[in-house]
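Let's take a walk through a protein model, one piece at a time. Keep the picture open as you read and find each residue as it comes up.

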Amino acid sequence: MITVNENFLKLQAGYLFPEIGKRRRAFQQAHPDAKIISMGIGDVTQPIAPAVIEAMHKAVDEMGKKETFHGYDDGGIGYAFLREAITKNDFRSRGVSIDIDEIFVSDGAKSDTANIQELFGLDNIIAVADPVYPVYVDTNVMAGRTGAVAGQGTYLKIVYMPATADNNFVPELPKEKADMIYLCFPNNPTGAVATKEQLKKWVDYAKENKAVILFDAAYEAYISDSQIPHSIYEIEGAKEVAIEFRSFSKTAGFTGLRCAFTVVPKELRAFTRAGQSVALNPLWNRRLCTKFNGVSYVTQSAAAAVYADEGKKQIRKTIDIYMNNAKVIRESLTTLGYKVYGGINAPYIWVKTPEGVGSWQFFDLLLNKAHVVTTPGAGFGPAGEGYVRLTAFGNPPDVVEALGRIKAISK
Ligand code: PLP
C-alpha cells in the first residue's frame, strides 16, 4: 500500500490567498459591474525594463547559433557571468566580500527558502516571526519539523516571535532554544526593517546557540534609508551563521520570468549529532547539482542586464513608481486617521484596523463597500490579527482610485 506523507494533512486548510480569491469571486459574481482593485497579492504590475528585454532577445538569438549556443550552466548553480555581476554589485559595492562560488542562482526565493531545509536535521527547532511569510512555516510542516497543530493556525514545535507595534515589528530574541531562525527584512507583511544593531543581536544569538539564520532579503531593493543594511553579511561574523536569499522578482519584475539566488558562505557550518562541524556550502552545491539543472541561459542573461548601467537606471524608475504608491497610501490613510506602518523601506503597508474590527471583517468591509482587495493580517499569524496588508505594486491610477473609495467609505 502506498502511504501518503501525512505531514501534508497538518497544513491549515484554506491557504490565505485561495480564501481571498474565493471571497473576491463571490463578490464579483454578486456584483458583476463592480470594478475591483487589488491591493492584496504581492505581484508586480509594471513591465520588465527595456534593457532586460533587449538582453533576452540577444540571448535567444545566441541560442540559435552554434558558436554562441549555451547548454547546462556551471553545474546548475548559475553562469559565472551572472554570479560575478551579483558579487560585484550586490556585495562588493557594500564592502562585503562574497566569492562567486558562494552564490547559487535559482528559479525563485520561494523555492530556495523551502528547499534549503533539506540541509538540516528534522529535529531542529525553527523560529519564525509572527506574522510571517507563510512559506517558511508550511514547507517545514510538509517536512515534518513542526509537530501537531496547536490552534489559531500555529504548531506545537515552532517558536513564534511576535512582531508587534511595541517592538516596531522587529521581534525580540527567542527565550526558547531555536536552531533555524527565519528572518525577513525588509519584511513581508509588515514592511519593517532591522538596523545593524538589531541584526547583530541575531548574529550573536546564532553564534552562541550554534544556530543558523535564514535571511530573506527579497525586498532589499526597496530600502531607502542609508543606515539600514541590505545584506545580513554587512554584520560582522554573519558569514559564519547566515544564509541569505535574494530575488529578481520584486527588484526587477521577474515574478513571471523566475530568477533568484542564495548565498551560502564557505565559513557557515552545521553539526552532526556527534558534534562534528560540517560546511554547508558544498552540501548545497551537491544538492543543486543532484536535483536542479539551473535557470535558462535566456533568463540568466536577463538577470545580468539588471546590473548593467541602463538596466540599473530603468529598474530604479520602476521601484520609484511603487515607492511613490507606498507614499500615497501611507499619507492618504494617515490623513483618514488610520495607524499605518511600513511603506518607507518596503513595498508593504501594514494598516491597523479600526478599534474592535478584526482583520477579515475589515477585509470584507473594504471589499464590499470600496471594492478594494487587501490581505487580512490574521492570515500571516495570530499577531497579524487587527491589521491588513496593502501592497504598493498596483498601477498608480488604480492606487489613487482605491484610496478615493476608501476615503468615501471612511466618512
Ligand atoms: N520571500 C518573500 C518574503 C516574498 O514575499 C516572496 C514573494 O512574494 C518571495 C520570497 C518569493 O520570491 P520569488 O518570486 O523569487 O520566488
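## Strand β10 and its partners

Start with a facing pair: Glu244 stands opposite Val263 in β10. This is a predicted model, so treat what follows as a description of a prediction. Glu244 brings us to strand β9 (residues 242–247), which is joined to β10 by four bridges, with the two strands running antiparallel.

Strand β10 also pairs with β2. Strand β2 (residues 103–106) and β10 run antiparallel too, and four bridges join them. Here the pair to look for is Phe104, which sits opposite Thr262 in β10. Now check where the side chains of β10 (residues 260–263) go: Ala260 and Thr262 point one way, Phe261 and Val263 point the other way, and all of them are buried.

## Strand β6: one face in, one face out

Which side chains of strand β6 are buried, and which are not? In β6 (residues 159–162) the side chains alternate. Val159 and Met161 point to one face and are buried, while Tyr160 and Pro162 point to the other face and are not.

The partner to look at here is strand β3 (residues 126–130). Strands β3 and β6 run parallel and are joined by four bridges. To spot the pairing, find Ala129, which stands opposite Met161 in β6.

## Helix α5, tucked inside

How many of the ten residues of helix α5 are buried? Seven of them are, so this helix (residues 134–143) is largely enclosed by the rest of the structure. The buried ones are Pro134, Val135, Tyr136, Val137, Thr139, Asn140 and Val141.

What do those buried residues pack against? They pack against helix α4 (109–115) and against the strands β3, β5 (154–155), β7 (180–184) and β8 (212–216). After α5 comes Gly144, which has a positive phi, near 90°.

## Tyr182, a well-connected residue

Tyr182 belongs to strand β7. Is Tyr182 buried or exposed? Its relative accessibility is just 2%, so Tyr182 counts as buried; the cut-off for that label is under 20%.

Leaving out residues up to four places away in sequence, Tyr182 touches Thr113, Gln117, Ile126, Ala127, Val128, Ala129, Tyr136, Asn140, Met161 and Leu214. You've already met some of these: Ala129 and Met161 are the facing pair from β3 and β6, and Tyr136 and Asn140 are among the buried residues of α5. With Asn140 there is also a side-chain to side-chain polar contact, at 3.0 Å. For a sense of distance, Tyr182 and Val264 are 82 residues apart in sequence, yet their C-alpha atoms are 15 Å apart in space.

## Around the ligand

Next, find the ligand. It is surrounded by 14 residues, and the closest are Ala109, Asp216, Tyr219, Ser247 and Ser249. By class, this shell has six nonpolar, four polar and four charged residues.

Now zoom in on some atoms. A backbone N or O atom of Ala109 is 2.7 Å from an oxygen atom of the ligand, and a polar side-chain atom of Asn188 is 2.8 Å from a ligand oxygen. In the side chain of Asp216, an N or O atom lies 2.6 Å from a nitrogen atom of the ligand. On its own the ligand exposes 400 Å², and the protein buries 90% of that. The elements that give two or more residues to the shell are α4 and α7.

## Two serines to compare

Ser249, one of the residues closest to the ligand, is in helix α7 (residues 248–252). Its relative accessible area is 8%, so Ser249 is buried. Setting aside its neighbours within four places in sequence, Ser249 is in contact with Val44, Phe254, Thr255, Arg258 and Cys259.

Ser277 lies in strand β12 (residues 277–279). With a relative accessible area of 29%, Ser277 is partly exposed. Not counting residues up to four places away in sequence, Ser277 touches Arg269, Ala270 and Phe271. The side chains of Ser277 and Arg269 are joined by a polar contact of 2.7 Å. Ser277 and Arg246, by contrast, are 31 residues apart in sequence and 26 Å apart in space, C-alpha to C-alpha.

Conventions
Residues numbered from 1 in each chain as written. Predicted model: local features only at pLDDT ≥ 70, side-chain atom pairs only at ≥ 80, totals over all residues. Heavy atoms only, no water. Buried < 20%, exposed > 50% of the residue type's maximum accessible area, 1.4 Å probe, protein only. Contact = heavy atoms within 4.5 Å. Polar contact = N/O pair within 3.5 Å; in protein donor to acceptor, adjacent residues only side chain to side chain. Pairing = 2+ DSSP bridges. Near = heavy atom within 4 Å. Areas by Shrake-Rupley, 256 points an atom, 1.4 Å probe, with all protein chains shown as cover. Nonpolar A, V, L, I, M, F, W, Y, C, P; charged D, E, K, R; others polar.
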